[in-house]
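Visitor: I would like a walk through this model. Please keep the answers short.

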Amino acid sequence: MKIRINRGTIGRRGSIPLGGEGFNMLFAGEYGAELLGVNQMIIYKANGEKSYLSIDKLEEKILRGDITILNS
């Protein structure tokens with residue numbers, strides 16, 4: 001799927017259940033993304049890094065207009 005980050009946001013560097021790997025910045029732009037199960041999304045950055053968002057955070061960011069789902 002493709003998403004657009006409308007306003008910069010922060011994602012986790014590691015899978016949410018594992019945690020402890022810190023955070024990374026998602027700048028405005030379009031990204032490839034994939035749902036992992038029912039509780040998190042992985043976002044693929046151009047530099048090869050991955051960023052993870054919980055579904056709760058994703059829904060919050062969509063409602064605030066920070067993220068737009070372009071296609072699924």
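Visitor: Which side chain meets Glu 60 in a salt bridge at 3.0 Å, N to O?
Guide: This is a predicted model. The nitrogen-to-oxygen distance of 3.0 Å falls within the 4 Å cut-off for a salt bridge. The two residues are four apart in helix 1, so about one helical turn separates them. The side chain that meets Glu 60 here is that of Arg 64.

Visitor: Why can residues three or four places apart in an α-helix point the same way?
Guide: The answer lies in the helical repeat. Residues at that spacing point the same way because an α-helix has 3.6 residues a turn.

Visitor: Which residue lies three places from Glu 60 in helix 1, separated by about one helical turn?
Guide: Helix 1 covers residues 55–64. The residue in question also meets Glu 60 in a salt bridge, at 3.8 Å from N to O. It is Lys 57.

Visitor: Is Lys 57 buried, partly exposed or exposed?
Guide: Buried means under 20% relative accessible area, and exposed means over 50%. Lys 57 has 40% relative accessibility. That value lies in between, so Lys 57 is partly exposed.

Visitor: What are the relative accessible areas of Glu 60 and Arg 64?
Guide: Both residues take part in the 3.0 Å salt bridge. Glu 60 is partly exposed, and Arg 64 counts as partly exposed too. The values are 34% for Glu 60 and 46% for Arg 64.

Visitor: Which residues are linked with Lys 57, Glu 60 and Arg 64 in a network of salt bridges?
Guide: Lys 57 meets Glu 60, and Glu 60 meets Arg 64. The network also takes in two further names: Arg 7 and Asp 66.

Visitor: Where do the buried residues of helix 1 lie around its axis?
Guide: The buried residues are Ile 55, Leu 58 and Lys 61. They cover an arc of only 125° around the axis, so they lie on the same side of helix 1.

Visitor: Which residues are exposed on the other side of helix 1?
Guide: The buried set is Ile 55, Leu 58 and Lys 61. Across from that side, the exposed residues are Asp 56 and Leu 63.

Visitor: Which strands do the buried residues of helix 1 pack against?
Guide: Ile 55, Leu 58 and Lys 61 are the buried residues. Their packing partners are strand 2, strand 4, strand 5, strand 6 and strand 7.

Visitor: Which residue follows helix 1, and what is its phi?
Guide: Helix 1 ends at residue 64. The residue after the helix has a positive phi, near 85°. It is Gly 65.

Visitor: Is Thr 9 buried or exposed, and which residues does it contact?
Guide: Thr 9 lies in strand 2. Its relative accessible area is 5%, under the 20% limit, so Thr 9 is buried. Leaving aside neighbours within four places in sequence, its contacts are Asn 24, Met 25, Leu 26 and Lys 61.

Visitor: How many bridges join strand 5 to strand 6?
Guide: The two strands run antiparallel. They form a hairpin with five residues between them, and Gly 48 in the turn has a positive phi of about 95°. Gln 40 stands opposite Ser 54. The number of bridges is five.

Visitor: Which side chains of strand 1 point to the buried face?
Guide: Side chains alternate along strand 1. Lys 2 and Arg 4 point to the other face and are not buried. The buried ones are Ile 3 and Ile 5.

Visitor: Which residue stands opposite Arg 4 in strand 4?
Guide: Strand 1 and strand 4 run antiparallel and are joined by four bridges. The side chain of Arg 4 also meets this residue in a salt bridge of 3.6 Å, N to O. The pair links distant parts of the chain, 26 residues apart. The residue is Glu 30.

Visitor: Which strand pairs with strand 1 and holds Asn 71 opposite Lys 2?
Guide: The pairing is antiparallel, over four bridges. Lys 2 stands opposite Asn 71. The partner is strand 7.

Visitor: Which residues make the nonpolar surface patch?
Guide: The patch measures about 420 Å². One of its members, Phe 23, is found in strand 3. The full set is Ile 10, Phe 23, Met 25 and Phe 27.

Notes:
Residues numbered from 1 in each chain as written. Predicted model: local features only at pLDDT ≥ 70, side-chain atom pairs only at ≥ 80, totals over all residues. Heavy atoms only, no water. Patch = residues over 30% accessible without salt bridge, like charges linked within 9 Å, V, L, I, M, F, W, Y side chains within 5 Å. Areas by Shrake-Rupley, 256 points an atom, 1.4 Å probe, with all protein chains shown as cover. Buried < 20%, exposed > 50% of the residue type's maximum accessible area, 1.4 Å probe, protein only. Arc of directions from axis to C-beta. Contact = heavy atoms within 4.5 Å. Pairing = 2+ DSSP bridges.
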